[in-house]
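Reader: I'm new to this structure and would like some help reading it. Could you take me through a few features?

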Amino acid sequence: TRVGAGSKIDNLVQIAHNVNVGRACIIVAQAGVAGSCVLEDGVVVGGQVGIADHVRLGKGSMVAAQSGIMKDLEPGEVVFGSPARPRLEAMKIVAILGKLPEMYSFFKKMKARFGDDNKQ
């Protein structure tokens, strides 16, 4: 495991075997980096992030807190969620999640009104 110059690692961070952390990276509290990962220069990893083994985070990529990274990130990519998704996609999903109870209630009313076409 190697940590590049100027990188900052917060408390309670776990970095496994054979990890390469580039220069000027920031890894925030309670993050976990599995074996054989590569964090290129300038990567920012938020708190409580989990990174699966053999993943490469491209230069300057950013991972929001409590995200789960299971695949490589392109340089400059910003992601969040679990599993992590591109920022704009994840924001849309979070916005829709808040409306699910209302949408489900509407769906049940429509199903009661028009019946269930899936009945055999």
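Author: Sure, and let's start with a term: a contact means heavy atoms within 4.5 Å. This is a predicted model, where local features need pLDDT of at least 70, side-chain atom pairs count only at pLDDT 80 or more, and totals for chains, interfaces and linings use all residues. Residues are numbered from 1 along each chain as its sequence is written, and side-chain values use heavy atoms, with hydrogens and water left out.

Reader: Which residues does Ser67 touch, not counting residues up to four places away in sequence?

Author: Ser67 touches Gln48, Val49, Gly50, Val79, Phe80, Gly81 and Ala84. Buried means under 20% relative accessible area, exposed over 50%, and partly exposed in between (1.4 Å probe, protein chains only). Ser67 counts as buried, at 2% relative accessibility.

Reader: How do I read the sheet?

Author: Strands of a sheet pair through backbone hydrogen bonds, either parallel or antiparallel. Strands here are DSSP runs (E, at least two residues), numbered from the N terminus, and two of them pair if DSSP finds at least two bridges between them. This open sheet has six strands in the order β2-β5-β8-β11-β13-β14, with mixed pairing. β2 (8–9) and β14 (85–86) are at the edges with a single partner strand each, so one side of each has no neighbour in the sheet.

Reader: How many disulfides are there?

Author: A disulfide is a covalent bond between the sulfur atoms of two cysteines. The cut-off is a pair of cysteine sulfur atoms within 2.5 Å, and the count comes to zero. The sulfur of Cys25 is 12 Å from the closest cysteine sulfur, in Cys37, too far for a bond.

How values were computed: Helix = DSSP H or I, 4+ residues; strand = E, 2+ residues; numbered from the N terminus.
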